[in-house]
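Here's a walk through one protein model, written for someone who would rather look at side chains than read statistics. Keep the viewer open as you go.

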Amino acid sequence: MIERIVIAGYGSIGARHLRIARSLLPQADIRVLRRDTAYEPPSESNGLLNSYSDACAFKPQLTVVCGPATMHCAAIECLLPSETNFLIEKPLAADSESGRKIERSLRAGGRIAQLGYNLRYSTALQEFKKLIDSSEIGKVRFVQASVGQWLPSWRPGRDYRQSVSARSELGGGALLELSHELDYLRWIFGEFAWIQSYSAHLSDLQINVEDCASLVAVTHSSGDMQQTLISLNLDFLQRTPARMCLAIGEYGSLRWNAVSDRVERSEDAAGWKTVYAGEQDADGSYRAEWRALLESIKKGEDAKPGLDDGVRALCYVEAARKSAETGQRISPATLDAV
């Protein structure tokens with residue numbers, strides 16, 4: 001039983017994790033790590049911790065790392081003496097070198113760590129994957145995926161210009177902040193053989209990172225698995241939030257829509273038919289993520305998505321960045337081998 005939890009970093013995602021942790025573990029002693037001593041502790045917590053040394057002395061059994069990606073490596077190193085397990089919000093780090101350092105440290109310490117790519121726990125996306133895996137539409141030839149939302153609307157009541165998403169020094173930008181897409185596309189359709197991309201700051205948003213990115217990738221072929229062409233668009237610009245994935249196969253198409261929490265199928269000119277409708281529960285995938293992590297800790301098993309998934313996502317981001325800089329196709333495997 002998990003009795004002591006630290007929420008390291010308390011922005012919007014930290015607040016969500018605190019809420020979920022309290023609902024699943026009502027008797028746990030949950031502390032928020034925040035070095036601002038003037039900050040009032042959230043009502044759902046049991047109080048504040050103001051330093052990493054205080055957090056280690058608390059001896060948490062689980063720590064949720066919610067701060068900026070550029071600070072993950074240092075935070076985890078400071079918390080290692082406490083022998084805690086981790087839920088690390090995505091991305092694992094701001095770059096693959098730091099990600100590998102985290103992976104080595106946690107594996108050497110025998111810690112269980114889960115990456116916060118919670119879309120893997122969306123029941124609609126799981127259904128979408130199940131249908132793809134069962135060849136419901138035959139071999140998938142082409143995939144179109146996209147995600148976008150107007151950045152100033154992400155965190156109501158907060159100045160978007162000061163957010164992690166808006167600042168390169170905190171690990172912002174569309175590629176890192178929206179790396180969920182890279183994780184789930186790899187999870188469903190396989191490793192990318194190469195990536196070619198374009199990214200830019202095209203809007204009037206007052207940020208120092210890219211606000212949109214467009215990628216083309218091809219998956220590896222192995223055995224009877226043929227290559228799949230993938231097109232992915234990420235942006236901070238759409239005034240109406242959107243997140244979807246369309247898979248075009250031999251016998252029809254499947255479409256996952258995260259906003260409507262549905263999976264639809266099309267076989268002919270008759271159009272789309274809903275084959276799965278979720279409950280549109282904003283916390284649903286996070287609760288499922290937490291339950292899976294708690295079960296992994298109980299059994300002493302690796303959690304999913306794991307540290308290797310976090311490193312791979314960072315290699316995909318870096319391949320996309322390198323491609324945008326050089327105009328060339330880049331293989332993520334060449335970066336993963338560094």
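What follows covers the nonpolar cores, two helices, the salt bridges, a buried arginine and a few backbone oddities.

First, some ground rules: this is a predicted model, so local features need pLDDT of at least 70, side-chain atom pairs count only at pLDDT 80 or more, and totals for chains, interfaces and linings use all residues. Numbering starts from 1 along each chain as its sequence is written, and side-chain values use heavy atoms, with hydrogens and water left out.

**The cores**

Start in the middle of things. A nonpolar core here is a set of buried Ala, Val, Leu, Ile, Met, Phe, Trp, Tyr and Cys residues joined through side-chain atoms within 4.5 Å. "Buried" means under 20% relative accessible area, "exposed" over 50%, and "partly exposed" in between, using a 1.4 Å probe and protein chains only. The largest core has 72 residues, and those with the most contacts inside it are Ile-88, Phe-128, Leu-185 and Phe-189. Helix α9 (residues 307-326) gives the most to this core, with nine residues. A second, separate core has 24 residues, including Ala-28, Leu-293, Leu-294 and Ile-297.

Click on Leu-185 for a feel of the packing. Leaving aside residues up to four places away in sequence, Leu-185 touches Val-143, Ala-145, Gly-190, Phe-192, Ile-230, Leu-232 and Cys-245, where a contact means heavy atoms within 4.5 Å.

**Two helices, α8 and α9**

Helices (H or I, at least four residues) and strands (E, at least two) are DSSP runs, numbered from the N terminus. The expected span of a helix is 1.5 Å times one less than its number of residues. For α9, with 20 residues, the first and last C-alpha atoms are 29 Å apart, close to the expected 28 Å. In α8, which has 16 residues, the end C-alpha atoms are 23 Å apart, in agreement with the 22 Å expected.

Each helix is followed by a glycine with positive phi: Gly-300 after α8, near 70°, and Gly-327 after α9, near 75°. The buried residues of α8 are Ser-285, Tyr-286, Glu-289, Trp-290, Leu-293, Leu-294, Ser-296 and Ile-297. Their cover includes β1 (4-8), α1, β4 (62-65), β5 (85-88) and β6.

**Salt bridges**

The structure holds 25 salt bridges, each being a side-chain nitrogen of Lys or Arg within 4 Å of a carboxyl oxygen of Asp or Glu. Here are three of them:

| Pair | Closest N to O distance |
|---|---|
| Asp-309 and Arg-120 | 3.3 Å |
| Asp-309 and Arg-186 | 3.0 Å |
| Asp-133 and Lys-129 | 2.7 Å |

Asp-309 sits in helix α9 and Arg-186 in helix α7 (residues 180-189), so this pair ties together parts that are 123 residues apart in sequence. Both Asp-309 and Arg-186 are buried. Arg-120 is buried too, with a relative accessible area of 9%. Zoom out and you'll find a network of salt bridges linking Arg-120, Asp-183, Arg-186, Glu-191, Lys-304, Asp-308, Asp-309 and Arg-312.

The Asp-133 and Lys-129 pair is a local affair: these residues are four apart in helix α5, so they are separated by about one helical turn. Lys-129 is buried at 17% relative accessible area, whereas Asp-133 is partly exposed at 48%.

**An arginine without a partner**

Which side chain of opposite charge is nearest to the buried Arg-22? That would be Asp-29, but at 6.2 Å away, and Arg-22 has no salt bridge. Arg-22 belongs to helix α1 (residues 12-24), and its side chain reaches the backbone oxygen of Glu-44 at 2.9 Å.

**Backbone oddities**

Two prolines follow cis peptide bonds. Omega is near -10° from Lys-90 to Pro-91 and about -5° between Lys-304 and Pro-305. Pro-91 lies in the loop between β5 and α4 (96-108), while Pro-305 is in the loop between α8 and α9.

Positive phi also turns up in residues other than glycine. Ser-135, at about 60°, lies in the loop between α5 and β7 (140-148). Asp-261, near 60°, is in the loop between β12 (253-257) and β13 (262-266). Ser-135 is partly exposed at 45% relative accessible area, whereas Asp-261 is buried at 12%.

Terms used: Lys and Arg count as positive and Asp and Glu as negative; His and the chain ends are not counted. A polar contact is a pair of N or O atoms within 3.5 Å; within protein, one must be able to donate a hydrogen and the other to accept it, and residues adjacent in sequence count only if both atoms are side-chain atoms.
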